[in-house]
Structures are given as structure tokens and as C-alpha cells.
Amino acid sequence: MTLPAKPPSRSRVMLTQLMLPEHANAYGNVHGGVIMKMVDEAGGIAAMRHAGRPCVTVAIDSMTFHSPVHVGELLGCDATVDWVGRSSLEVHVHVTAENPVTGQITHTNSAYLVYVAIDENRKPCEVPPLLLETDEDRKRFEAAEARRKRRLEERKRGDTGSSS
């Protein structure tokens, strides 16, 4: 059974949360783990919206923090499905910090996450194809396909992503 294709715009998610003292370390910066959790939540919601099924996280590509997020800022995670396979999906999450008083927005980091849709028996199941409507959609899909090939090659070689 072939499922109807869905465009990335249909599953896009934007999560925003005010960062409070319980989110921060001793320096007033938000813990990276708090940011990573919110990134995974936004990505997971986008994946589930596209799949129409529960999805589980399979991989998170490296995440480099370009600038800190501070207490009192709004942490924003904008998640978009970039690539879809038979049962897996890659989601791009763009992370920002916004000063709600001045309106200044800073891009803090981005991440690519891979999810697998699961059925009622917790087995991988088919997801709808991705309907590429714009040149940007096609560009993101091609870049995601290249990342997928790289991840598969690394897995075949047994790379763990760490350097010695």
C-alpha cells in the first residue's frame, strides 16, 4: 500500500520555551542537555506528524553550539522533515535564542536527527513519501541523502564518531 506523499510544510514544528534558572548551569547559560532534549522533542513531533505514527530517535548528528542560551531568553526549535525513506525520516532542527525584551534573535545551533516510525508491535513501518514542492525542499532532500550515505558508510566501517 502506497501512502499519499506529504510536503515538509505540513509537518513543520516550532517549539518555544522561556529558559528559567532551573535550566541553567552556574554561569547562567542553559545546559546543553536541556537544549538537546528540546531539539529531540521538536524533531520527534515533526517526524510523527509526517509519519502519522509514533517515531523513535535513531541518531543525532553532531551538535556544535555556536553561542550560549541564557536564562530569560526564549529557546526556539524549528523542525522540518528533510528526507524520508521507507520507515526512516531525517529532521533538521534550527535552534535560536531570543531576547524577549529587545527582540534580538541569535542562531545558537542546528542538528539533524534520524527517526524510525514504528507500528503497534514496535516494529519499523512504512511512512508517506516526502512531496518536494520547492527548490529549497529539493536542496534539503539532496543534502539529507548525502548525510544518509555518509552515516551508512560510517556504520559499515564501524565508526563511532569519536576521534582517537
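What share of the contacts in the protein with a separation of 6 or more comes from residues 24 or more positions apart? The share is 71%. Keep in mind that this is a predicted model.

## The whole protein

Start with the parts list. The protein has three helices and five strands. Along the sequence they follow the pattern α-β-α-β-β-β-β-α. The radius of gyration is 17 Å, close to the 15 Å that the globule rule gives for 164 residues, so the protein is as compact as a globular protein of that length. Its C-alpha trace spans about 50 × 40 × 35 Å along the principal axes.

Now look at the surface. Of the 164 residues, 39% count as buried. The protein exposes about 9500 Å². Carbon and sulfur atoms supply 53% of that area. There are 20 positive and 21 negative charges. The mean positions of these two sets are 6 Å apart.

## Strand 4 and its partners

Strand 4 covers residues 88-98. Is strand 4 largely enclosed or largely open? Nine of its 11 residues are buried, so the strand is largely enclosed by the rest of the structure.

Strand 4 pairs with strand 3 and also with strand 5. Strand 3 spans residues 74-84, and strand 5 spans residues 105-117. The table sets out the two pairings.

| Pair | Sense | Bridges | Residues between | Opposite residues |
|---|---|---|---|---|
| Strand 3 and strand 4 | antiparallel | 10 bridges | three residues | A79 and V93 |
| Strand 4 and strand 5 | antiparallel | 11 bridges | six residues | A97 and T106 |

A hairpin joins strand 3 to strand 4. Strand 4 and strand 5 form a hairpin too. In the turn of that second hairpin sits G103, with a positive phi of about 85°.

One general point helps when you view strands. In a regular strand the side chains alternate between the two faces of the sheet.

## Three residues to find

Take T96 to begin with. This residue lies in strand 4. Is T96 buried or exposed? Its relative accessibility is 15%, and the cut-off for buried is under 20%, so T96 counts as buried. Which residues does T96 touch, leaving aside its neighbours within four places in sequence? They are L74, L75, G76, I105, T106, H107 and T108. Look up T106 again in the table: T106 is in strand 5, opposite A97.

Next comes A5. This residue is found in the segment before helix 1, which is 8-11. A5 has a relative accessible area of 37%. Partly exposed lies between 20% and 50%, so A5 is partly exposed. Not counting residues up to four places away in sequence, A5 touches P129, L130 and L131. G158 is 153 residues from A5 along the chain. The C-alpha atoms of A5 and G158 are separated by 34 Å.

Finish with L152. This residue lies in helix 3, residues 135-157. Its relative accessibility is 33%, so L152 counts as partly exposed. L152 and A24 are 128 residues apart in sequence. From C-alpha to C-alpha, L152 and A24 are 36 Å apart in space.

## Putting it together

Go back to the opening question with these residues in mind. Residues 24 or more positions apart supply 71% of the contacts with a separation of 6 or more. A5 gives an example, touching P129, L130 and L131. Strand 4, with nine of its 11 residues buried, pairs with strand 3 over 10 bridges and is joined to strand 5 by 11 bridges.

Definitions and conventions
Residues numbered from 1 in each chain as written. Predicted model: local features only at pLDDT ≥ 70, side-chain atom pairs only at ≥ 80, totals over all residues. Heavy atoms only, no water. Helix = DSSP H or I, 4+ residues; strand = E, 2+ residues; numbered from the N terminus. Buried < 20%, exposed > 50% of the residue type's maximum accessible area, 1.4 Å probe, protein only. Pairing = 2+ DSSP bridges. Rg over C-alpha atoms; globule rule 2.2 N^0.38 Å. Contact = heavy atoms within 4.5 Å. Areas by Shrake-Rupley, 256 points an atom, 1.4 Å probe, with all protein chains shown as cover. Lys, Arg positive; Asp, Glu negative; His and termini not counted. Charge placed at Lys NZ, Arg CZ, Asp CG, Glu CD.
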